[in-house]
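Welcome to a short set of exercises with worked solutions. Keep the viewer open and try each task before reading on.

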Amino acid sequence: MTYQSEIHSVDLDPYIDGRRRKIGGKTFPTYDPASGTVLHEVPVADTAVVDEAVEAAARALKGGWAAVTPAERSRMLFRVAQEIRNDAERLSIVESLDAGKPLREAKGDIETSARYFEYYAGIADKMQGDTIPLGPDFISFTLHEPIGATAHIIPWNFPLVTTARGLAPALAAGATAVIKPAEQTPLTALMLPEYLERAGVPAGVVNVICGPGAVTGAPLVAHGKIAHVTFTGSVATGKAVLASAASHVASTTMELGGKSPVVVLADANMDAALDGVMKAIFTNAGQVCSAGSRLVIERSCADAFLDRLVARIKTLGFGRGLDNPDIGPVVSHQQLLKIEGIVTASVAAGAQLLVGGSVAHPEGLGGWFFEPTVLLASDPATLAVQEEIFGPVLTVQIADDFDHACALAECTDFGLVAGIYTSDISKALRFARIASGGQIFINQYFAGGVETPFGGVKNSGFGREKGLEGLKSYYTVKTVTARI
Ligand code: ADP
């Protein structure tokens, strides 16, 4: 099956002020990563179109969106969740084709996207402030006010789910939004307006514009009427976005990826640890900010564990996302070359290849595949240990004992996630204290979900998304104090 009808059903024009805007002009291609063929040519929003979108969001902030009561806002967000669920099949197919990810993972992403709207719908009418006791001569209270028009710069690894993660709390808090999906994966964000409209979200509250980062993302972030930028992407681009937001004093949420360790101690349940390590690195072919891309394992159990790991990896099969393979393609040719470059350089510098290590050419598929790879790296300075690869590449570091494992876990400049498998609760909790990261997973990698705050420290960024913490980016606190 080609799924042409799903792909052709996507309206590619930017969505501004409640309408599809026919802009003509330049386009950019979005590809099917499994075959390397073009799925669509999508219109590029230039600076003038970006300006229209931001102006629409700024008008809606004081106009249409401000006029909707919190209770009605809540009901609208519940309806958005329902509309996404009603169209989950079509959304999953489009996401799988555009990003290359296995269909089962795309389905999980779409359900999680709906869940974000449902979760934040529940808080939209409960965002109340405090009263502050100042004695008999004063009354003081706080107002939670929407932060303003917000920009959402979206990465290509989790297109719709990252959009929903920032958009749902923004809308719950009464803010408005301009969404700029990644140029590799714009399609599901372009479908979102269908659900918002059916749910009754007023014109201008959410605007979707597409284009390359330098052409469309940069003027969006630089726009003086953007009050907050929610960014997920690479460290280098994040720094540029931060500097641009700073020029007009916009606040930011920066989710900049990681190089997250999974520590396996000798007393761990090895079956659970093996399942966890496999999932941590091979979900979405390793293209996950919070991927567990570094195995840190205690020496006494390392040989047996690595034998089992390599044997499991040798059973993994490739395929296009829609056929639900173990490993799908990576998102672009550029990404494939980056993975290959880091692996090759690391092997040349002395890392030992335990399995994989090369570009793959599965029969009948002309796209961008990389073999699931394990590299034993005794030197923590190895490029593959230090650089975020965003591919199916796991490094292994051998630790003499718990303290050494903690030190190895801490050997990078990132701090997004750290995981540990052990049956010793004291060691697990000591690790939770020691490890840098916005979240620590004990005995289940990727534990938690929409409800649990997520974000980084160090080069992984700052600010928190998800959970009630995720709301805080989207409102300001105004204190009103009266002498009476
Ligand atoms: P990658 O290098 O993996 O493609 P990026 O961090 O460059 O990741 O991209 C993440 C998102 O940031 C994408 O939506 C991209 O278009 C956008 N982007 C890239 N450069 C800029 C920029 N200068 N300003 C704003 N957004 C940008």
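**Exercise 1.** How many residues surround the ligand, and which are the closest?

*Solution.* A word on the model before the steps. It is predicted, so local features need pLDDT of at least 70 and side-chain atom pairs count only at pLDDT 80 or more, while totals for chains, interfaces and linings use all residues. Residues are numbered from 1 along each chain as its sequence is written, and side-chain values use heavy atoms, with hydrogens and water left out.

Step 1. Collect the residues near the ligand, where near means that a heavy atom lies within 4 Å of it. There are 18 such residues, and the closest are I154, K180, E183, S234 and T237.

Step 2. Look for polar contacts, that is, pairs of N or O atoms within 3.5 Å. A polar backbone atom of I154 sits 2.8 Å from a ligand oxygen. For G213, a backbone N or O atom is 3.3 Å from an oxygen of the ligand. A218 has a backbone N or O atom 3.4 Å from a ligand nitrogen.

Step 3. Check the cover. On its own the ligand has 560 Å² of accessible area (Shrake-Rupley method, 1.4 Å probe), and the protein covers 77% of that.

**Exercise 2.** Where is P186 found, and which residues does it touch?

*Solution.* Step 1. Place P186 in the loop between strand 8 and helix 7; strands are DSSP runs of E with at least two residues, and helices are runs of H or I with at least four, numbered from the N terminus.

Step 2. Classify P186: its relative accessibility is 0%, so it counts as buried. Buried means under 20% relative accessible area, exposed over 50%, and partly exposed in between (1.4 Å probe, protein chains only).

Step 3. List contacts, meaning heavy atoms within 4.5 Å. Leaving out residues up to four places away in sequence, P186 touches F28, T30, V42, D98, P181 and C210.

**Exercise 3.** Which members of the largest nonpolar core touch the most other members?

*Solution.* Step 1. Build the core from buried Ala, Val, Leu, Ile, Met, Phe, Trp, Tyr and Cys residues joined through side-chain atoms within 4.5 Å. The largest core has 67 residues, and I84, F117, Y120, L167, L171 and I179 touch the most other members.

Step 2. Find the contributors. Elements giving two or more residues include helix 3 (70–86), helix 5 (103–121) and helix 6 (159–172).

Step 3. Zoom in on F117. Beyond its neighbours within four places in sequence, F117 contacts L77, V80, A81, I84, A164, L167, A168 and L171. Another core, of 48 residues, lies apart from the largest one; A285, A302, L336 and L416 are among its members.

**Exercise 4.** In what order do strands 5, 6 and 26 form their open sheet, and why is one side of strand 5 and of strand 26 left without a neighbour?

*Solution.* Step 1. Two strands pair if DSSP finds at least two bridges between them. The order is 5-6-26, with antiparallel pairing.

Step 2. Strand 5 (131–132) and strand 26 (475–483) are at the edges with a single partner strand each, so one side of each has no neighbour in the sheet.

Step 3. Strand 6 (residues 138–146) and strand 26 share 9 bridges, and S140 has T481 as its bridge partner in strand 26.

**Exercise 5.** Which residues stand opposite T395 and L394 in strand 18?

*Solution.* Step 1. Strand 13 (residues 292–298) runs parallel to strand 18 and is joined to it by 5 bridges; R294 stands opposite T395.

Step 2. Strand 17 (residues 373–376) is also parallel to strand 18, with 4 bridges, and V374 stands opposite L394.

Step 3. In strand 18 (residues 393–399), 6 of the 7 residues are buried.

Definitions and conventions:
Polar contact = N/O pair within 3.5 Å; in protein donor to acceptor, adjacent residues only side chain to side chain.
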